[in-house]
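This report walks through one multi-chain model, beginning with an interface and then turning to single chains and one residue.

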Amino acid sequence: MILQPVFSETWAVIFGLFGLSGFILGWVAQRGNYCFINAMTSIFTTKSLERFGALLLLFGLTALGTGILTAFGVIPAVDQYFYNYFAGWYILVGSFIFGFGAAMAGGCNLSMLYRASSGYVQNWIELFGMMIGTYVFAVAIWPFQSYTMQAGILSTTSGGYVEYLPYLLFHSTSSLAVYVTTFIVALPLILLGVYFQWRTRNRWGKSLGGSTPGLPGIRALGSPGIPTPAETSSGLRLKQDVKDMLLLRKPYGTNLSTVILALDMIFVFLVGAGYTFNYLVITSSDGGRFFEYILMPLGINLFTNTPWFNDSLPIVDPSTLMVVMLCVGAFSASYLSGDFKIRIPKDKKRLVIGFLGGMLVGIGVRVALGCNVGLMWTNFGQLGYDGYIFLLGMLGGVYLAVKVQERL
Amino acid sequence: MEEMEKAKTKAKSYPVRKVIAPLILSLFAIVWFQFSKVYLTGADNIALREANFAIYVTPEQLQGYLEATAWTCYIVVYVGLIFFWYGLVRYVESKEVSK
Amino acid sequence: MEDVLKIKEPDDTLDVVGESCPVPEMMASKKLKKMKIGQILEVLTDHQPAVDVTLPSLCKNLGYPYMILKDGDLFRFRILKVR
């Protein structure tokens, strides 16, 4: 191994801390109803950029955190770029397929897992579809894709520092180069995110004749999260809000979740440095690995003979525990808040769409080499440029899905 | 009086799913650990035998994984059992009240 | 104007129980387009994010007042089409 461990930890501690980070991810995403797909569909369905702004903020904060840690020498630059992805046709194509499938099925990789743990049957079906999709990819697409990757057809053959933005911009991985690049990447994302949120809220305020943003509708008694009476001071209200959130009576706000999730990513970046893929990653595991695991007790070992399974998927890695604990965290949050319920859509057509969408998700994430978390969000933390490609492709896929859904 | 009525309907509706769900979580944790110990260790040995080092995991890593999984599962099992017990008490209580 | 939501019975109902985003807001937006001004749409859902985020943002964007009633495990999300 080329990497040198940054902190001296045992493997058990690393696996344990990755599990903890997964738990936090699941818990916070469930409490904050954090959904990448929702953030993108709402641009086209409700013309709201609020959640999309939060996404950009998430990417910006992540890049800022990891970049500054690297620039100040806490983490060596090699640990930031070592696992950088390879850009190529597959990221654009894969993210488009992924975005389309996820918006049809109603869940990106993150929301699919936490919703499945909160009892949404449609997301169980989507998860199953994703497993089948991964198998289809492995048998039908991967041999072709790996050929184009090896031959360098519309693809870069080496990830790592070659796609590390400080290296691309300044031909250097020095602290100064990383420092400057961090701001070049993070600042526009953060400012754009804040601007999108401000613009959306501003428009809401205007369209309702200047009533307070956030409280335009009247809420009947008994609905959760009743706005506190207007006469209470803002200090008291904040205290009440914090109490409600701690007691799980109220979901976390979008921006609070954004900050916690960014910190979670930075936590993993620190813990795993020098040991393993030190970013939040929840893709290769759930689709491929769990399909492989389910078949193991039946005596079918995909890792011995099936393409992709036999060359790209270690038997176990820290992300395995991350995914399992994500589900446990999401289940705990939904159970304790009273939100847990087995929900079956009335329209059975949706289950079929869920399965087909799930298959496309499985194929899309594998073609793109990662999902919205493991590739897009992670790659902003890696100071690479594949995240931008993924974002573009995914937006396209989501747009198409919204148009198709409108006709269904 | 009205308060009592309300409390009654609320107590009556303590759902069975809330009692069973934590038990399923605990069982899942046990199954997950046993699966890891038996099948993943077995799979790693097969990978070594076939000299497939792209997917083979070193013994230190696998041991670390099993150790972390064991501890995590202990926690999940106990937390699940606590909630199961709490749910069971609430469920029995609600049955008593409705009688 | 918002009092209408409390008094008047809904003119149309959209049942999206068990569905998750983006279905509730998309179906609601589709249905609202077909309705007349002054009519009320009631969306039945058990998807918390739809009640907390997506349906309110749809209403805020269109400038329609709304009201949320909790009915057991379900939410009745009433929207008044004003323009």
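Buried area is the accessible area, taken with a 1.4 Å probe, that two parts lose on being put together, summed over both. The model is predicted. In it, the area buried between chain B and chain A is about 2,700 Å². Carbon and sulfur atoms give 78% of that area.

**The interface of chain B and chain A**

Chain B brings 31 residues to the contact, and chain A brings 29 residues. On the side of chain B, Trp32(B), Ile55(B) and Gln61(B) lose the most area to chain A. Together these three residues account for 21% of what that side buries. How many salt bridges does the rule find across the interface of chain B and chain A? It finds zero.

**Chain B by itself**

Chain B has three helices and zero strands. Along the sequence, its pattern reads α-α-α. The table collects further values for this chain.

| Property of chain B | Value |
|---|---|
| Residues counted as buried | 37% of 99 residues |
| Exposed area | about 6,600 Å² |
| Carbon and sulfur contribution to exposed area | 67% |
| Contacts joining residues at least 24 apart, among those at least 6 apart in sequence | 83% |
| Mean pLDDT | 86 |

Confidence varies along the chain. In chain B, 87% of residues reach a pLDDT of 70 or more. Over residues 1–11 of chain B, however, the pLDDT is below 50. Beyond near neighbours in sequence, that stretch has two contacts in the model.

**A residue in chain A**

Thr148(A) lies in helix H7 of chain A, which covers residues 121–151. Is Thr148(A) buried or exposed? Its relative accessible area is 4%, and the cut-off for buried is under 20%, so Thr148(A) counts as buried. Leaving out residues up to four places away in sequence, Thr148(A) touches Trp89(A), Ile153(A) and Ser155(A).

**An annotated stretch in chain C**

UniProt, in an unreviewed entry, lists residues 14–38 of chain C as "domain: UPF0033". What does the model place there? Over residues 14–38, chain C is 48% helix and 8% strand. The C-alpha atoms at the two ends of this stretch are 17 Å apart.

How values were computed. Residues numbered from 1 in each chain as written. Chains lettered and ligands numbered in written order. Predicted model: local features only at pLDDT ≥ 70, side-chain atom pairs only at ≥ 80, totals over all residues. Heavy atoms only, no water. Helix = DSSP H or I, 4+ residues; strand = E, 2+ residues; numbered from the N terminus. Buried < 20%, exposed > 50% of the residue type's maximum accessible area, 1.4 Å probe, protein only. Contact = heavy atoms within 4.5 Å. pLDDT = per-residue confidence, 0-100. UniProt positions renumbered as here; feature names shortened; annotations may be inferred. Areas by Shrake-Rupley, 256 points an atom, 1.4 Å probe, with all protein chains shown as cover. Salt bridge = Lys/Arg side-chain N within 4 Å of Asp/Glu carboxyl O.
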